[in-house]
Amino acid sequence: MPAHLIAPSLLSCDFLRLGEETRMLENAQADWLHLDVMDGNFVPNISFGLPIISAVKKISTKPLDVHLMIVQPEKYIQAFRDAGADHISVHYEACTHLHRTVHQIRETGAKAGIAINPHTPVELLFDVLEDIDLVILMSVNPGFGGQKFIYRSLDKIRRLRREIDSRNLSVDIEVDGGVGLQNIEVILQAGASVLVAGNAVFQAPDPADMIAKLKAVSVGNFV
Ligand code: DX5
Ligand code: ZN
């Protein structure tokens, strides 16, 4: 099992210091930068959009992992790609023509992801697994950082891992919401390969050190 990846979520950073926070991630052991776009419609919160992604792109060499929590995401895929997104994930619950939308993402050259809410069974993705590069498995209801991890998600991770491995696919399982040192081991054990961490990183006294700690966790006897 290759080492897991850590994707700090800039939603929890100090926006007045966006440049410094991005540079800190650049120099720390962060693997991807997770960017949460919210429209106040798909989720009950509004975060940021294209200008912030373009700004971060200017000073970051790491993959920008853009999580679109917006309705009709198909309208904005090219724009997010042009702004610098390396991965674009859309919500299962926001797409009527999901298969078409993920192919639209791949055609831009970006990696395609699908995010699913806590109530959505992973089995609903089985017919598009071959068309995507990652699944964002939400372990909180999307909209806000700093929420509690929903432990029922562990079983969803296991079910998805079993399916991906049985078909020999290389789809990443990215777990998003309430991840920290207190639960990262069980999440990895269940089969996650990428962990998003917002508050765990940015509320820590030393965010770079927290990223190093999250990276250093290893799962003994992983089967
Ligand atoms: C929630 C977002 C998450 C959030 C995670 O809607 O998708 O990426 O920033 O933050 P924490 O790690 O604090 O739960
Ligand atoms: Zn997210």
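What spacing do the donors of the zinc ion (ligand 2) follow along the chain? In this predicted model, residues are numbered from 1 along each chain as its sequence is written, and local features need pLDDT of at least 70. Chains are lettered from A and ligands numbered from 1 in the order in which they are written, and side-chain values use heavy atoms, without hydrogens and water.

The spacing of these donors is H-x1-D-x30-H-x108-D. Coordination of the zinc ion (ligand 2) comes from His34 (NE2), Asp36 (OD), His67 (ND1) and Asp176 (OD), at 2.0 to 2.3 Å; donors are N, O and S atoms within 2.8 Å of the metal (3.2 Å for Na, K and Ca), and water is not among the atoms, so sites may look incomplete. Histidine 67 belongs to strand 3 (residues 64–69) and aspartate 176 to strand 7 (residues 172–176), so this pair ties together parts that are 109 residues apart in sequence. Strands (E, at least two residues) are DSSP runs, as are helices (H or I, at least four), numbered from the N terminus. Histidine 67 counts as buried because its relative accessibility is 0%, where buried means under 20% relative accessible area (1.4 Å probe, protein chains only). Aspartate 176, at 8%, also counts as buried.

The strands form an open sheet of 8, in the order 1-8-7-6-5-4-3-2, with parallel pairing; two strands pair if DSSP finds at least two bridges between them. At the edges lie strand 1 (5–8) and strand 2 (33–38), each pairing on one side only. Strand 2 runs parallel to strand 3, joined by 6 bridges, and methionine 38 has methionine 69 in strand 3 as its bridge partner.

Key:
This is a predicted model: local features need pLDDT of at least 70, side-chain atom pairs count only at pLDDT 80 or more; totals for chains, interfaces and linings use all residues. Buried means under 20% relative accessible area, exposed over 50%, partly exposed in between (1.4 Å probe, protein chains only).
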